[in-house]
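Biologist: I would like a close look at a single part of this model, followed outward into its surroundings. Please take your time over the answer.

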Amino acid sequence: MSNKTINTEQGHWILAKMGKRVLRPGGKALTEQIIHSLNIQSKDTVVEFAPGIGYTADILLDKNPYQYTGIELNEEAAQNLTQKVNKKSNAIIYNRSASETGLETACTDIVMGEAMLTMQADNRKSEIIREAFRILKKGGLYGIHELGLKPDNISEETKHTIQRSLAQTIKVNARPLTQKEWCHLLEQEGFVIKTIHTSPMHLLRASRVLSDEGIWRTLKIGFNILTHGQARGRILEMRKVFEQHETYMAAYGIIAEKP
Ligand SMILES: C[S@@+](CC[C@H](N)C(=O)[O-])C[C@H]1O[C@@H](n2cnc3c(N)ncnc32)[C@H](O)[C@@H]1O
């Protein structure tokens, strides 16, 4: 990767290139809690929005659903995912936006999406949530895992400061919301909130990296970061911003039902 690419590349792709596989704010544990609440059965069809490098796709496929469909916007990621799932007869990947999946109305039991709504402007968030609602069957569940702000009455000034710092360091216009705001967005599109899980936002804390990635991968990531100076600079900057705003940041896992 050239220095110019490193300086402008979105934070999650830099982490992925350093070997990090868990790229969502609440880590593996929150993903597992959400999947447990979704209670996936072998008769269920599952759609995942933004599978990225396919970490959750593996967990979802291990549940042996009737059908798994991944909707990934990034062309390279979609190609890699296609290769990854290509031997499975019950899995397919589309290189499309989650706001326009091209899937039939009321075709799926479960929709799951992680660390992807946060990076959209508020009107785009609603478009994607509306699409999840459209493709879900009645009684179907939508699980999201997103970056949050706390408390619910956080001042607008603090919110803007955090959004600005995140945009500067992650190079994504990340717009995290409070728990109340996330729930409101889902309810506005017709969902009923079933369960809310919360977790601290410790994405780049050593203890979280160790529990998410295991010892060997953590060592590999550490080695990669040490030997890639530019990437190291970007990652240290991200960690500094996460630590600076830690009091106000959280990860939310929300399960919503299409009534
Ligand atoms: C931070 S990564 C998270 C990936 C994965 N969900 C995870 O938690 O590891 C964000 C992902 O969202 C994808 N993405 C962003 N906007 C999207 C959209 N509108 N539709 C589908 N995928 C999208 C990006 O290409 C990227 O793979």
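Biologist: Along strand 3, which side chains point to one face and which to the other, and which of them are buried?

Modeller: This is a predicted model, and the reading below should be taken with that in mind. In strand 3 the side chains alternate, with Ala 91 and Ile 93 pointing to one face, where they are buried, while Ile 92 and Tyr 94 point to the other face and are not buried. That agrees with the general rule that side chains in a regular strand alternate between the two faces of the sheet.

Strand 3, which covers residues 91-94, runs parallel to strand 2 (residues 67-71), and 4 bridges join the two. Within this pairing, Ile 71 stands opposite Tyr 94 of strand 3, and Tyr 94 is one of the side chains on the face that is not buried.

Between strand 3 and strand 4 there is a loop that holds Ala 106, a residue that is not a glycine and yet has a positive phi of about 50°. Ala 106 counts as partly exposed because its relative accessibility is 38%, which falls between the 20% limit for buried and the 50% limit for exposed. Beyond strand 4, in the loop that leads to helix 6, lies Ala 115, where phi is again positive, near 50°, in a residue other than glycine. With a relative accessibility of 28%, Ala 115 is likewise classed as partly exposed. Most residues other than glycine have a negative phi, and most peptide bonds are trans.

An exception of the second kind is the peptide bond between Lys 150 and Pro 151, which is cis, with omega about -5°; Pro 151 sits in the loop between strand 5 and helix 7 (156-170).

Helix 6 itself, residues 122-135, has 14 residues and reaches 20 Å from its first C-alpha to its last, close to the 20 Å expected at 1.5 Å a residue. Its buried residues are Lys 125, Ser 126, Ile 128, Ile 129, Glu 131, Ala 132 and Ile 135, so that charged residue types appear in this list beside nonpolar ones. The cover over these buried residues includes strand 4 (108-114) and strand 5 (136-149), together with strand 1 (45-49), strand 6 (177-178) and helix 8 (179-188).

For a contrast with these buried positions, one can turn to the surface, where Leu 210, Ile 215, Trp 216 and Leu 219 form a nonpolar patch with about 470 Å² of accessible area together. Ile 215, which lies in helix 9 (residues 206-227), counts as partly exposed at 49% relative accessibility.

Terms used: Residues are numbered from 1 along each chain as its sequence is written. This is a predicted model: local features need pLDDT of at least 70, side-chain atom pairs count only at pLDDT 80 or more; totals for chains, interfaces and linings use all residues. Side-chain values use heavy atoms; hydrogens and water are left out. The expected span of a helix is 1.5 Å times one less than its number of residues. Buried means under 20% relative accessible area, exposed over 50%, partly exposed in between (1.4 Å probe, protein chains only). Contact means heavy atoms within 4.5 Å. Patches are made of residues with over 30% relative accessible area and no salt bridge: like charges are joined within 9 Å, nonpolar side chains (Val, Leu, Ile, Met, Phe, Trp, Tyr) within 5 Å. Accessible areas come from the Shrake-Rupley method with a 1.4 Å probe; for residues, only the protein chains shown count as cover. A salt bridge is a side-chain nitrogen of Lys or Arg within 4 Å of a carboxyl oxygen of Asp or Glu. Two strands pair if DSSP finds at least two bridges between them.
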